[in-house]
Amino acid sequence: MAINISDRFLEANTARQFGLKTLIRLAPVRRKLNPALRAVLPKRARASEAPCTVTDAFDAAADHYQKHRWAFVENIFEDDFHAALARNYPPRRFLQPVAGLTKSYDRVSITDRNRDTFTPFPELLALSDYLSAPAFEARVSRIGGQDGFRTSGHLHLTRSWPGTFMIPHQDSALESDGIAAHINAIFFVAGSGGDNSGGLTLARDNELRSVIFAPRNLTNTCLIYDIREPFFHGFNPIAAGKYRHAVIMNWQLKRETT
Ligand SMILES: [Fe+2]
């Protein structure tokens, strides 16, 4: 849950967002319409044979991560897999409609309950399985510098378009005594890149004035950060003509209890 947000940032970035506010009012209608649209519209392009592979560029980020508690990785997936994942990215009718201003884009988590809905996107399910597997948990543990990171196994999927944004915030997990570390990885599958394209920005403040890092390459890249660190994360409204498709996974290290 988002905490410590700036009401001033929210007001400044939503005062003239009439289209977004209309879309939010239409969320119940879109929610009802999406299953019907999924049933009648084409589902996907041809499936790929490319296996899901996270490259060793991920493991090479360990030193930077352990020093700064964040790291940015380029060429995160093998090229063939990345191309198929980007080509077969689910359309908006497969996601939950935007329903609030603070995270104002369509998104959905893939769980055991809705996994069948994503059968038309085998690359996405392969990625979900790959990132949930014990072998990848071990790689995350090496990045984190401690054994025992475990994932919820729920891949979170987002689609953003011009005007949508994420209010800079910290996560409530920051205040959880039971968690020693919590690594979030946001995989940028495809995006326009450059300024105001939805690159998740890490900052020291909740209005993105004191930026620590702002990703500019949103094609086959990944930002890893520890939400237990006192960073804020968010992004400004996406500029006209730009977009971002990104998936998120997280791994927690529980504090040992005696
Ligand atoms: Fe967050």
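Asn 217 lies in the loop between β9 (211–213) and β10 (221–226). The model is predicted. Asn 217 has 15 C-beta neighbours inside 10 Å and therefore counts as partly exposed, since a buried residue needs 20 or more and an exposed one has 12 or fewer. Beyond residues up to four places away in sequence, Asn 217 touches Glu 74 and Gly 193. Ile 248 is 31 residues from Asn 217 along the chain. The C-alpha atoms of Asn 217 and Ile 248 are separated by 16 Å.

Confidence was examined next. The chain averages a pLDDT of 94. A score of at least 70 is reached by 98% of the residues. Among the elements of the chain, strand β2 (residues 70–74) has the highest mean pLDDT, at 98. The lowest mean, 90, belongs to β1.

The two strands that flank the loop of Asn 217 are β9 and β10. β9 belongs to an open sheet of five strands. The strand order is β1-β6-β11-β8-β9, and the pairing is antiparallel. β1 (2–3) and β9 are the edge strands, each pairing on one side only. At the β1 end, two bridges join β1 to strand β6 (residues 166–171), and the two strands run antiparallel. Ile 3 has Gln 170 in β6 as its bridge partner. β6 also pairs with β11, again in the antiparallel sense, over two bridges. Here Met 166 stands opposite Phe 235 in β11. On to strand β8 (residues 201–203): three bridges join β8 to β11, and these strands run antiparallel. Leu 202 stands opposite His 233 in β11.

Strand β11 (residues 232–235) has side chains pointing in two directions. Phe 232 and Gly 234 point one way. His 233 and Phe 235 point the other way. All four residues are buried. Thus the bridge partners of Met 166 and Leu 202 are both buried residues of β11.

β10, on the other side of the Asn 217 loop, pairs with β7. Six bridges join β7 to β10, and the strands run antiparallel. β7 also pairs with strand β12 (residues 244–254), in the antiparallel sense, over 11 bridges. Phe 188 takes part in both pairings. Its bridge partner in β10 is Thr 221, and in β12 Phe 188 stands opposite Ala 246.

The largest nonpolar core holds 53 residues. Leu 85, Ile 186, Phe 187, Cys 222, Leu 223 and Ile 224 touch the most other members. Strand β7 (residues 179–191) gives the most to this core, with seven residues. In soluble globular proteins, nonpolar side chains tend to be buried together. Leaving aside neighbours within four places in sequence, Phe 187 is in contact with Ile 76, Cys 222, Ala 246 and Val 247. Of these contacts, Cys 222 is itself among the core members with the most neighbours in the core. Ala 246, in contact with Phe 187, also stands opposite Phe 188.

Leu 85, another of the residues that touch the most core members, lies in α5 and takes part in a helix pair. Helix α5 (residues 79–87) packs against helix α6 (residues 122–132) at an angle of about 120°. Their axes are 8 Å apart. α5 and α6 are therefore oblique to each other. Phe 81, Ala 84 and Leu 85 in α5 meet Glu 123, Leu 124 and Leu 127 in α6.

Notes: Residues numbered from 1 in each chain as written. Predicted model: local features only at pLDDT ≥ 70, side-chain atom pairs only at ≥ 80, totals over all residues. Core = buried A, V, L, I, M, F, W, Y, C linked by C-beta atoms within 7 Å. Contact = placed C-beta atoms within 7 Å. Pairing = 2+ DSSP bridges. pLDDT = per-residue confidence, 0-100. Axes fitted to C-alpha atoms, helices over the stretch in contact; angles between N-to-C directions. Parallel < 35°, antiparallel > 145°, perpendicular 65-115°, else oblique.
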